[in-house]
Amino acid sequence: MNPITDFLTENDIRYNENEPMKLHTSFRIGGEAKVFVFAKTENELQATVTFCYENNIAYYIVGNGSNLLVSDNGIDAVVIKLCGEFEEIRQLDDTTIEAGAGANLSAVCKFALANGLSGLEFAYGIPGSVGGAAYMNAGAYGGEMKDVATTCHHLTRDGKTGELSEQELCFGYRKSAYTTNGCIITRVLFRLTKGNKDEIKEKMDDLLNRRVTKQPLEYPSAGSVFRRPEGYFAGALIEQSGLKGRTVGGAQVSEKHAGFIINIGDATCEDVKKLIGICRQTVKDKFNVQLETEIKTI
């Protein structure tokens with residue numbers, strides 16, 4: 001890692017060595033990243049990505065780490081967190097918001113509310129970054145990113161700038177063009193509609209209350225662990241399999257919502273992986289349904 005740390009130092013790009021990834025994931029799980037970069041500007045990101053590409057150094061991009069399970073052995077690579085200007089949100093015209101990929105999705109929802117713009121209410125309370133939400137076409141309560149995200153600006157794996165718009169984004173269930181093209185989302189444009197602030201707030205508050213009531217938000221987790229099987233609900237299948245409350249080490253199938261695996265205290269990546277395996281095998285044996293994970297594992 002000496003070449004990259006020398007490069008980062010010479011270019012005054014902030015980084016930490018041997019950074020605990022449990023500090024950067026909502027699961028509060030994960031070993032150390034060899035080099036953890038805090039990219040504050042697009043120039044810093046572009047320079048870092050280009051250097052890694054040209055020197056055959058592996059790297060990963062993280063936002064809020066809300067859909068991420070990191071190995072207990074850590075990450076023997078460069079991890080890049082988007083911060084600084086990537087957290088900025090601004091209004092471009094009467095109905096268009098531009099948000100950096102590192103911005104918190106709920107912060108964008110609040111910004112839309114403050115400006116009387118409707119369309120993002122469904123996303124309020126989703127604990128992810130804008131880039132991560134666009135990457136996986138995050139959705140809830142009948143809404144998805146595909147309904148409001150119109151353009152994504154990005155860097156390619158070798159550091160070149162570009163963008164995808166409208167149909168090019170190829171949004172589908174928990175996927176987009178970015179789940180396969182290897183590009184790094186840097187900014188997202190949202191097309192919203194003018195609305196009544198009181199009505200927007202009422203809907204946001206209602207959806208947040210539903211989350212608090214039905215989801216185990218009081219524990220570290222990575223949200224819903226499994227994709228929705230066609231014709232079923234993963235949480236219901238797991239509950240009907242008698243797995244609510246099932247524990248492996250510090251990981252537990254939530255008693256509040258069986259679609260969540262929670263960290264009840266010092267859970268390891270291996271604890272979670274074993275519990276995922278138990279859920280998948282039990283549901284397969286009982287219902288002949290194959291559960292696929294939604295969370296990303298490094």
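Where is Arg174 found? This and the exercises below concern a predicted model.

**Exercise 1. Place Arg174 and Asp266, and compare their backbone and burial.**

Step 1. Locate Arg174. Arg174 is found in the loop between β12 (161–165) and α5 (178–181).

Step 2. Check its backbone. Phi of Arg174 is near 55°, which is positive in a residue other than glycine.

Step 3. Classify its burial. The relative accessible area of Arg174 is 16%. Buried means under 20%, so Arg174 is buried.

Step 4. Turn to Asp266. Asp266 sits in the loop between β18 (260–263) and α8 (269–287). Its phi is positive, about 60°, although Asp266 is not a glycine.

Step 5. Classify Asp266. Its relative accessibility is 73%. Exposed means over 50%, so Asp266 counts as exposed.

Result: Arg174 is buried, whereas Asp266 is exposed. Phi is positive in Arg174 and positive in Asp266.

**Exercise 2. Describe the packing of α1 against α2.**

Step 1. Set out the two terms. Two packed helices are described by the angle between their axes and the distance between the axes.

Step 2. Read the geometry. Helix α1 (residues 2–10) and helix α2 (residues 42–54) pack at about 155°, with axes 11 Å apart.

Step 3. Name the orientation. Angles over 145 degrees count as roughly antiparallel, so α1 is roughly antiparallel to α2.

Step 4. Add the handedness. The crossing of α1 past α2 is right-handed.

Step 5. List the residues. From α1 come Pro3, Ile4, Phe7 and Leu8; they meet Ala47, Thr48, Phe51 and Cys52 of α2.

Step 6. Sort them by class. The contact of α1 with α2 has seven nonpolar residues, one polar and no charged.

**Exercise 3. Do the α3 and α6 pair in the same way.**

Step 1. Read the geometry. α3 and helix α6 (residues 197–214) pack at an angle of about 155°, and their axes are 9 Å apart.

Step 2. Name the orientation. The cut-off of 145 degrees applies again, so α3 and α6 are roughly antiparallel to each other.

Step 3. List the residues. α3 brings Cys109, Lys110, Leu113 and Ala114, while α6 brings Lys197, Ile200, Lys201 and Met204.

Step 4. Sort them by class. The contact of α3 with α6 divides into five nonpolar, no polar and three charged residues.

Result: charged residues number three in the contact of α3 with α6; the contact of α1 with α2 has no charged residues.

**Exercise 4. Find the nonpolar cores, then follow Ile4.**

Step 1. Start from the expectation. In soluble globular proteins, nonpolar side chains tend to be buried together.

Step 2. Take the largest core. It has 56 residues, and Ile4, Leu45, Val78, Ile80, Leu120 and Phe190 touch the most other members. Helix α3 (residues 105–114) gives the most to this core, with five residues.

Step 3. Look for another core. Apart from the largest lies one of 25 residues, among them Val225, Ile276, Val283 and Val289.

Step 4. Follow Ile4. Ile4 lies in helix α1. It is buried, with a relative accessible area of 0%.

Step 5. List its contacts. Beyond four places in sequence, Ile4 is in contact with Val35, Thr48, Phe51, Cys52, Ile57 and Val78.

Step 6. Add a distance. Ile4 and Gly245 are 241 residues apart along the chain, and their C-alpha atoms are separated by 44 Å.

**Exercise 5. Classify Thr186, Leu243 and Pro127 as buried or exposed, and list their contacts.**

Step 1. Thr186 lies in strand β13 (residues 184–191). Its relative accessible area is 0%, so Thr186 is buried. Neighbours within four places aside, it contacts Glu42, Leu45, Phe86, Gly100, Ala101, His153, His154 and Leu155.

Step 2. Leu243 is in the loop between α7 (234–240) and β16 (247–248). At 3% relative accessibility, Leu243 is buried. Beyond four places in sequence, Leu243 touches Ile238, Val253, Ile278, Cys279 and Thr282. Its C-alpha is 9.8 Å from that of Leu275, 32 residues apart in sequence.

Step 3. Pro127 is in the loop between β8 (117–118) and α4 (130–135). Its relative accessible area is 51%, so Pro127 is exposed. Leaving aside neighbours within four places, Pro127 contacts Asn64 and Ser66.

Result: Thr186 is buried, Leu243 is buried and Pro127 is exposed.

Conventions. Residues are numbered from 1 along each chain as its sequence is written. This is a predicted model: local features need pLDDT of at least 70, side-chain atom pairs count only at pLDDT 80 or more; totals for chains, interfaces and linings use all residues. Side-chain values use heavy atoms; hydrogens and water are left out. A nonpolar core is a set of buried Ala, Val, Leu, Ile, Met, Phe, Trp, Tyr and Cys residues joined through side-chain atoms within 4.5 Å. Buried means under 20% relative accessible area, exposed over 50%, partly exposed in between (1.4 Å probe, protein chains only). Helices (H or I, at least four residues) and strands (E, at least two) are DSSP runs, numbered from the N terminus. Axes are lines fitted to C-alpha atoms, for helices over the stretch in contact, and angles run from 0 to 180 degrees between N-to-C directions. Angles under 35 degrees count as roughly parallel, over 145 as roughly antiparallel, 65 to 115 as roughly perpendicular and the rest as oblique. A crossing is left-handed if the near helix is turned anticlockwise from the far one by less than a right angle, and right-handed if clockwise. Contact means heavy atoms within 4.5 Å. Ala, Val, Leu, Ile, Met, Phe, Trp, Tyr, Cys and Pro count as nonpolar, Asp, Glu, Lys and Arg as charged, and the others, Gly among them, as polar.
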